[in-house]
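Colleague: Could you walk me through the terms you use for this model? I'd like to see how each label is earned.

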Amino acid sequence: MDNYLIVASMIFCIGALGVIIRKNLIVIFMSLELMFNAANLGFVAASNRLNLISGDIFVIFVIVVAAAEAAIALGIAIAFYREKGTVDIDMANELKN
Amino acid sequence: MEALFYVFSFIAIFSALMVVTMRNPLTSALYLVLCFFALAGFYVILDMQFLAAMQILVYAGAIMVLVVLVIMLLNISRIKNIKSDLHQKIIGVLISLILFAEIVLYIINGAQKRPSGIFTHALIKRIGNTQVIGEFLFTGYILPFEIASILLFVAIIGAYLFAKKKF
């Protein structure tokens, strides 16, 4: 189980890295999906080790939330692109001044 | 099983790194699909074939097709050249390395819990993992299941509102 958790934490940290260093809205969204999946792997590995089934049920709910989030996030990306002509998140600065 | 674990973890971590570092978002999306397939392989090793199928159907099938569709709707030559600053990269690498070190320290030093449930490998194999998940989902977790349907409904309305011309 430790090996699975270490792989999951590695993928999670790579996803966090992507969220921090990239400025493309769509790549940031994909890094978020990566983090979701790392959490899923942790859930499945832990519930496999502890002989439980709750972790596997949680994974299904996480997938549902990720699907809803994908619809909303891509809607935001399209609206943003229509407004600005790019998906660079540095252009989202209306609240700055 | 051990060899398969290392193969899948290599593919997953390599493709995750490629998702983050590739300049073209379409390449990132295809590497992300590869990463999802490797994670589905982990679920098969862990005796959850139903979740592996869900992973491929919903993530690699539905969500990634949506992402690729949106990338192709946008002008790809204009969104390819979005560069990030150097100090942003340095801070990001530092933060994620520290986070990884903390998580690994916690995993190694944390108290190991004993297996407490009744769903051993043999039991799940005897009943079948789809039936176990279905029974739990529709008995103990029926309220979250219904709330998930409301969430999906709200997401449909939200996506419609965002994609409209004017708010």
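Colleague: What share of the contacts in chain B with a separation of 6 or more comes from residues 24 or more positions apart?

Modeller: That share is 52%. Two residues are in contact if their C-beta atoms, placed from the backbone, lie within 7 Å. Please keep in mind that this is a predicted model, where local features need pLDDT of at least 70, side-chain atom pairs count only at pLDDT 80 or more, and totals for chains, interfaces and linings use all residues. Residues are numbered from 1 along each chain as its sequence is written, while chains are lettered from A and ligands numbered from 1 in the order in which they are written.

Colleague: What makes up the secondary structure of chain B?

Modeller: Chain B has eight helices and zero strands, so helices (DSSP runs of H or I, at least four residues) are counted, while strands (runs of E, at least two) are absent. Along the sequence the pattern reads α-α-α-α-α-α-α-α.

Colleague: How do you know that the span of α3(B) agrees with its number of residues?

Modeller: The expected span is 1.5 Å times one less than the number of residues. For the 25 residues of helix α3 (residues 49-73) of chain B that gives 36 Å, and the end C-alpha atoms are 34 Å apart, which agrees. α2(B), with 21 residues, reaches 30 Å from its first C-alpha to its last, close to the 30 Å expected.

Colleague: Where does α3(B) bend?

Modeller: At B:M64, by about 30°; the bend is the angle between axes fitted to the seven residues ending there and the seven starting there.

Colleague: Which residues of α3(B) are called buried?

Modeller: Among them are B:L51, B:Y59 and B:I71. A residue is buried if 20 or more other C-beta atoms, placed from the backbone, lie within 10 Å of its own. In α2(B), the buried residues include B:P25, B:F36 and B:Y43. Over the 167 residues of chain B, 22% count as buried.

Colleague: What does the side of chain B that touches chain A consist of?

Modeller: The contact takes 68 residues from chain B and 58 residues from chain A. α5(B) gives the largest share of chain B's side, twelve residues. That side divides into 54 nonpolar, ten polar and four charged residues. Here Ala, Val, Leu, Ile, Met, Phe, Trp, Tyr, Cys and Pro count as nonpolar, Asp, Glu, Lys and Arg as charged, and the others, Gly among them, as polar.

Terms used. A residue is buried if 20 or more other C-beta atoms lie within 10 Å of its own, exposed if 12 or fewer, and partly exposed in between; C-beta atoms are placed from the backbone.
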